[in-house]
Amino acid sequence: MVTSRLTGAARLLLGMLPVCVLFIGCSSGTGMPSVTSIAVAGPGSGDETDWQAISDSEWKQRLTTEQYHVAREHGTERPFRNEYWNNKNDGIYECVGCGLPLFHSKHKYKSGTGWPSFWQPSEDGHVAETSDYKLLVPRTEVSCTRCSAHLGHVFNDGPKPTGQRYCINSASLNFRDSREMKAAKQTNSSSDVTSPVVTVTAHSPDNHLRPFALVELFTSEGCSSCPPADRVLAALHQADAPDAPIYCLGFHVDYWDRLGWTDRFASKDFAARQHAYANTFEFNRVYTPQMVVNGQQEFVGSDRRKAADAVQTALQLSPEFAIDLHVTSASDQAVDVQFTLPKQSVQSNRVLNLAAVQATASTDVARGENSGRTLSHVNSVIALQSTQPSVDGAAHLKLPEGFAASQVIAWVQDTQSGQVLAATHADVVN
Ligand SMILES: [Zn+2]
């Protein structure tokens, strides 16, 4: 088992962006984790997580050190040195632990204390109040009713109409800007996938071995956190260029189908692939949206900056060998390919993956978390075959009914570290 250097950073991210999490247990023998319980997080999700049952070590993984100290150890951050004390944008402040909406910008006011201050919570029943005798005078501590995250204190010296001052730590909050939420909503409701732009610049290679980025997005039409990640994948796909190829693969996982919407692109094989990555990264959960670049860097798929950085990093490294790939025949039912690999690249600890992808797709989602939305996809994987690499070989990719293959993407991957060593694509012309 190889530990990813990025595991720690990636884990921190889990607490910062909306994701849907599937907790998995460690299995013995099969090398594939078994599913022990299912939990959902993310805005608008049908929440089934037992937030009170999350252990301290789990919270340490989900939160940054500062967030953990404040939210789980009842700490207090420094005034004027925190993220939201002077934030004047319109939007919602959610719990950093569980995403529950707690405060609204329309109730925020300038208290002069150096901490974000509100004269009332945004919803009834989301903020709990308990007496706290930590200082000599009794104070009223406020916490999240769902996950018990410590938020701050409430005092009786606030402005009208309530006279209350909710003095809250920024570290206990995540701010959702209403302009961004509106933009996301508009993009979700249209089929436009081209709006976000990720700029990547290519390193000029000295030889024919071009650096590449292979981007795998584990996504689901049943996950409300996924559409922004689908747009990041679309933006990366748009940035694909002959001298800096970005091979995009949308792997739809099937484990959110149970939330009410059956994703037609989803496959248990794709979920199994993600579980294998969870093993490699030594995660005890899988989540959506998850992006993996060149089998090495993983992060929340909607994190545009991380995605651009990871692709940029990948495009600096020249591969040691190239794959030669040709489509020999194609129909609605199947695509046949031939491949050639250099002799030194053929090793037993490597796997050759061949994926047929459909260029674009649009789905009107009628049920589940994305009910009422039209979702757009690029390069959704419709067939996947993994095989032992060989110097010469052929593969027959059977296509499911009702889908159209536009490309076959091939890549060789180290089975231990997950590193993608070479990649290429071939167009499918029917
Ligand atoms: Zn909470």
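A residue is called buried here if 20 or more other C-beta atoms lie within 10 Å of its own, and because asparagine 294 has 26 other C-beta atoms within 10 Å, it is buried. I should say at once that what we are looking at is a predicted model.

Let me stay with asparagine 294 for a moment, since its backbone is also worth a look. Its phi is positive, about 50°, although asparagine 294 is not a glycine, and its place is in the loop between β15 and β16, the latter covering 297-300. A second asparagine shows a similar combination: asparagine 379 has phi near 45°, a positive value in a residue other than glycine, but asparagine 379 is found in strand β20, and asparagine 379 is buried, with 26 other C-beta atoms within 10 Å.

Asparagine 379 also leads us to the core, as it is among the residues in contact with leucine 249. Leaving aside neighbours within four places in sequence, the contacts of leucine 249 further include Val215, Leu217, Ala355, Val357, Val381 and Ile409. Leucine 249 is itself one of the residues with the most contacts inside the largest nonpolar core, which has 75 residues, and Val215, Val311, Val408, Ala410 and Ala423 are the others named in that group. Which helix gives the largest share of this core? It is helix α5, residues 227-239, which supplies six residues.

Helix α5 has 13 residues and reaches 19 Å from its first C-alpha to its last, close to the 18 Å expected at 1.5 Å a residue. Eleven of those 13 residues are buried, so α5 is largely enclosed by the rest of the structure; the buried ones include Pro227, Pro228, Asp230 and Arg231, as well as Val232 and Leu233.

Now to the strands around this region. Strand β19, residues 350-364, pairs in the antiparallel sense with β20, residues 374-387, over twelve bridges, and alanine 356 stands opposite alanine 383 in β20. Strand β19 also pairs, again antiparallel, with β22, residues 407-414, over eight bridges, where valine 357 has glutamine 407 as its bridge partner.

There is, in addition, an open sheet of three strands in the order β17-β18-β21, with antiparallel pairing. Its edge strands are β17 (324-330) and β21 (392-398), each of which pairs on one side only, and the twist averages 20° from one strand to the next. Between β18, residues 334-340, and β21 there are seven bridges, and valine 335 has leucine 397 in β21 as its bridge partner.

Turning to helix α3, residues 65-73, we find Gln67, Tyr68, Val70, Ala71 and Arg72 buried, and what covers them includes α2 (56-62) and β9 (150-155). Just after α3, histidine 74 takes a positive phi of about 60°. The C-alpha atom of glutamine 67 is separated by 8.7 Å from that of serine 170, although the two residues are 103 apart along the chain. Serine 170 sits in the loop between β10 (165-168) and β11 (173-177), and serine 170 counts as buried because 23 C-beta neighbours lie inside 10 Å.

Finally, two cis peptide bonds deserve mention. One joins lysine 160 and proline 161, with omega about 5°, and proline 161 lies in the loop between β9 and β10. Another runs from threonine 288 to proline 289, with omega near -5°, and proline 289 is found in the loop between β14 (285-288) and β15 (290-293).

How values were computed: Residues are numbered from 1 along each chain as its sequence is written. This is a predicted model: local features need pLDDT of at least 70, side-chain atom pairs count only at pLDDT 80 or more; totals for chains, interfaces and linings use all residues. A nonpolar core is a set of buried Ala, Val, Leu, Ile, Met, Phe, Trp, Tyr and Cys residues joined through C-beta atoms within 7 Å. A residue is buried if 20 or more other C-beta atoms lie within 10 Å of its own, exposed if 12 or fewer, and partly exposed in between; C-beta atoms are placed from the backbone. Helices (H or I, at least four residues) and strands (E, at least two) are DSSP runs, numbered from the N terminus. Two residues are in contact if their C-beta atoms, placed from the backbone, lie within 7 Å. Two strands pair if DSSP finds at least two bridges between them. Axes are lines fitted to C-alpha atoms, for helices over the stretch in contact, and angles run from 0 to 180 degrees between N-to-C directions. The expected span of a helix is 1.5 Å times one less than its number of residues.
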